[in-house]
Amino acid sequence: MAPIAVGDVLPDGTLSYFDADDKLQQVSVHSLAAGKKVIIFGVPGAFTPTCSLKHVPGFIEKAGELKSKGVDEIICISVNDPFVMKAWAQTYPENKDVKFLADGSATYTHALGLELNLSDKGLGTRSRRFALLVDDLKVKAANVESGGEFTVSSADDILKAL
């Protein structure tokens, strides 16, 4: 499947998270994105160095600026289970705006065409690093990294597209 690209309609899918009452919830991507301007960024793995030290903190730090430019939701997805995503989110106590959603079986990552086979490193199927700007389900920017790079999918890169 070809990777998602500018002009494509965002596919629907179901992601998981723990709510404020610590109950496991499922949410459809379309319910979060329909009629809204959203950023969906994906990372290869929770607690990994580039993801934890650069990618996620950039979106947390720039959330106010992104929202001032009309962004309604900022969503981080990773091919990890919801328990891991909850624990990872808790390492950012300053975060008020980034939702951490789990794609445990990589089903949604496959729907986006952004899977990355890291079996040779013992990590199985993961997500390529990416950031999408989506307006009412239509992809306006699709910044997808090659390999392990972090050159086009930062919060600053998305700000340039707004």
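Which residue has its charged end sitting over the ring of Phe18? That would be Lys86, with its charged end 5.3 Å from the centre of the ring. Keep in mind as we go that this is a predicted model.

Let's stay with Phe18 for a moment. The ring of Phe18 also pairs with the ring of Phe83, at 4.9 Å centre to centre and 55° between the planes, so that one goes down as tilted, the class between 30 and 60 degrees. Phe18 belongs to strand β1 and Phe83 to helix α4, so this contact ties together parts that are 65 residues apart in sequence. And how do the two partners sit, buried or exposed? Phe18 comes out at 19% relative accessibility, so it counts as buried, with the cut-off at 20%. Phe83 is at 56%, so that one counts as exposed.

That's one of six aromatic pairs in the structure. Another is Trp88 with Tyr92: the ring centres are 6.3 Å apart and the planes are at 70°, so this pair is edge-to-face. Trp88 and Tyr92 are both buried. They're also part of something wider, because ring pairs link Phe47, Trp88, Tyr92 and Phe100 into a cluster.

Phe47 deserves a slide of its own. You'll find Phe47 in the loop between β3, residues 37–43, and α2. Its phi is near 70°, a positive value in a residue other than glycine. As a reminder, most residues other than glycine have a negative phi. With a relative accessible area of 47%, Phe47 is partly exposed.

Okay, pockets. The largest pocket holds about 370 Å³ of space. Its lining has 16 residues, and the closest to the centre are Tyr17, Phe18, Asp19, Ala89 and Phe100. So we meet Phe18 again here, as well as Phe100 from the ring cluster. Which elements each supply at least two residues of that lining? Those are β1 (14–18), α4 (82–89) and β5 (98–102). By class, the lining has ten nonpolar, two polar and four charged residues.

The second largest pocket has about 260 Å³. Fourteen residues line this second pocket, with Pro44, Leu118, Leu123, Arg129 and Gly148 the closest to its centre. Helix α2, residues 49–61, gives the most to this lining, with three residues. The split here is six nonpolar, five polar and three charged.

Now over to the hairpin. Strands β8 (130–135) and β9 (138–144) pair in the antiparallel sense over six bridges. If you want a register to look at, Leu133 has Ala141 in β9 as its bridge partner. Two residues lie between the strands, and Asp136 is in that turn. What is the phi of Asp136 near? It's near 50°, another positive value in a residue other than glycine. Asp136 has a relative accessible area of 45%, so it is partly exposed.

Last stop: Gly122, in the loop between β6 (115–117) and β7 (125–127). At 64% relative accessibility, Gly122 counts as exposed. Going by C-alpha atoms, Gly122 and Pro82 are 20 Å apart in space and 40 residues apart in sequence.

If you open the model afterwards, I'd begin at Phe18: Lys86 has its charged end over the ring, Phe83 is the tilted partner, and Phe18 is among the residues closest to the centre of the largest pocket. That's me done.

How values were computed. Residues numbered from 1 in each chain as written. Predicted model: local features only at pLDDT ≥ 70, side-chain atom pairs only at ≥ 80, totals over all residues. Heavy atoms only, no water. 1 Å grid on protein atoms, 1.4 Å probe; cavity = no way out; pocket = protein on both sides within 12 Å on 5 of 7 lines; lining within 4 Å. Points joined across faces, edges and corners; volume = space filled by probe spheres on them. Helix = DSSP H or I, 4+ residues; strand = E, 2+ residues; numbered from the N terminus. Nonpolar A, V, L, I, M, F, W, Y, C, P; charged D, E, K, R; others polar. Pairing = 2+ DSSP bridges. Phe/Tyr/Trp six-rings, centres within 6.5 Å; stacked < 30°, edge-to-face > 60°. Buried < 20%, exposed > 50% of the residue type's maximum accessible area, 1.4 Å probe, protein only. Lys NZ or Arg CZ within 6 Å of the ring centre and 35° of its normal.
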